[in-house]
Amino acid sequence: MSCQKVPITGRKQLKLLPSSYINSMGNESYASFLKENPAVAPPTIQSAAVTAVGERVSAAVTKYMNDNGMAKRIEGYKWEFNTVDSKDVNAWCMPGGKVVVYTGLLPITKDDAGLAVVMGHEIAHAIAEHGNERMSQQLAIEAAGIGLELYMQQKPEQTRNIFLSAFGVGSQLGILAYSRQHELEADKLGLIFMAMAGYDPQRSLSFWKEMAASGSGSVPEFLSTHPSDEHRIAEITKFLPEAQKYYVAGGQQTTPQKTVQPSGTTIPGNTTKTATKTTTTTPSNTNNKKSTGTVIIKPGK
Ligand SMILES: [Zn+2]
């Protein structure tokens, strides 16, 4: 327990805390958050869409991790998706797979593919263990004198605060939760995750442009000053061809091609105005973790 590699990007990261510890802290803060901010109930069309898209993206991520020898990393994950009534434009995913989307975000996500951009990004933070890394870095500094274990024992309050700020929960919603590096990495992983779940990653461009345009009021995790909107969109554009390799419309479904939209969803994934999308038929795309020759041809850029 000291160094490990981030899935997909292969970046080395510091990891001082056991995942079990981080996950249980995640579950704890998730539960107390929901106590103060009850989830939308009974489900609305919108909250049902959040759950449906979340389940689809998390299923694809789980399959990817299992197929690539990383099942241990998501051990103990129990995915849950909740929508919370709030004007804030925000969403987060706790380690352990607890996801909350704020209704304030929904006018910007608009459709399932828009939601998948958010899901992919937030789930990516958890899968890449950005919170653990950030907390490890912080603790390495704070506990330098006395040692990690002793520090956490003696200063539970401080430890908890470090956790909350590392994961972007609490009163100052994640304003500085993640670094620029973490944000861009979550963008990349997120694009691949949404693509694997059968949502066109191209949709991320219109989503982030709209996020940039709407930048007002509260400062959500998304709109943190780093990376800047233009830089983020430029990086996403650069990475899109890679993410497209993972995209098969309706991917992760056992039956090829026939896209079955989960019940409760509103608009089918793809509302972007891509004129002629040629999805070459792959006879069996049951195992589409790497590009298996399915090429999506897009007119222009
Ligand atoms: Zn983020």
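This report describes the strands, helices and nonpolar cores of a predicted model.

**Overview**

The chain is made of 10 helices and seven strands. Of its 301 residues, 51% are buried. Among contacts in the chain with a separation of 6 or more, 73% are between residues 24 or more positions apart.

**The sheet around S5**

Three strands, in the order S3-S5-S4, form an open sheet with mixed pairing. S3 and S4 are at the edges and have a single partner strand each, so one side of each lacks a neighbour in the sheet. From one strand to the next, the twist averages 15°. Helix H2, residues 45-67, packs on the sheet and touches S3 and S5. The direction of H2 makes about 150° with that of S3. Helix H4, residues 112-127, also packs on the sheet, where it touches S3, S4 and S5. The direction of H4 makes about 35° with that of S4.

The table lists the two pairings of S5.

| Strand paired with S5 | Residues | Sense | Bridges |
|---|---|---|---|
| S3 | 80-84 | parallel | five |
| S4 | 91-94 | antiparallel | four |

Within the pairing of S3 and S5, Phe-81 has Val-99 as its bridge partner. On the S4 side, Trp-92 stands opposite Val-100 of S5. S4 and S5 also form a hairpin, with three residues between them. One residue in this turn, Gly-96, has a positive phi of about 105°.

S5 itself covers residues 98-102, and five of its five residues are buried. In a regular strand, side chains alternate between the two faces of the sheet. On one side of S5 are Lys-98, Val-100 and Tyr-102, and on the other are Val-99 and Val-101. These residues are all buried, and both faces of the strand are covered.

**The contact of H4 with H9**

Two packed helices are described by the angle between their axes and the distance between the axes. H4 packs with helix H9, residues 203-214, at an angle of about 85°, and the two axes are 9 Å apart. H4 is therefore roughly perpendicular to H9, since angles of 65 to 115 degrees count as such. The residues of H4 in this contact are Ala-113, Gly-114, Val-117, Val-118 and His-121. They meet Arg-203, Ser-204, Phe-207 and Trp-208 of H9. Sorted by class, the contact has five nonpolar residues, three polar ones and one charged one.

**The nonpolar cores**

The largest nonpolar core has 54 residues. Val-57 and Phe-193 are the residues with the most contacts inside this core. At least two residues of the core come from each of H2, S4, S5, helix H3 (106-109), H4, helix H8 (180-196), H9 and helix H10 (229-244). H4 supplies the largest share, 10 residues.

Leaving aside residues up to four places away in sequence, Phe-193 touches Ile-8, Val-57, Ala-60, Val-61, Gly-120, Ile-123, Ala-124 and Ile-127. Another core, of 22 residues, lies apart from the largest one. Among its residues are Leu-34, Val-100, Met-135 and Leu-139. Val-100 is thus named here as part of the core of 22 residues, and in S5 it lies on the side of Lys-98 and Tyr-102.

Technical notes:
Residues are numbered from 1 along each chain as its sequence is written. This is a predicted model: local features need pLDDT of at least 70, side-chain atom pairs count only at pLDDT 80 or more; totals for chains, interfaces and linings use all residues. Side-chain values use heavy atoms; hydrogens and water are left out. Buried means under 20% relative accessible area, exposed over 50%, partly exposed in between (1.4 Å probe, protein chains only). Two strands pair if DSSP finds at least two bridges between them. Axes are lines fitted to C-alpha atoms, for helices over the stretch in contact, and angles run from 0 to 180 degrees between N-to-C directions. Contact means heavy atoms within 4.5 Å. Angles under 35 degrees count as roughly parallel, over 145 as roughly antiparallel, 65 to 115 as roughly perpendicular and the rest as oblique. Ala, Val, Leu, Ile, Met, Phe, Trp, Tyr, Cys and Pro count as nonpolar, Asp, Glu, Lys and Arg as charged, and the others, Gly among them, as polar. A nonpolar core is a set of buried Ala, Val, Leu, Ile, Met, Phe, Trp, Tyr and Cys residues joined through side-chain atoms within 4.5 Å.
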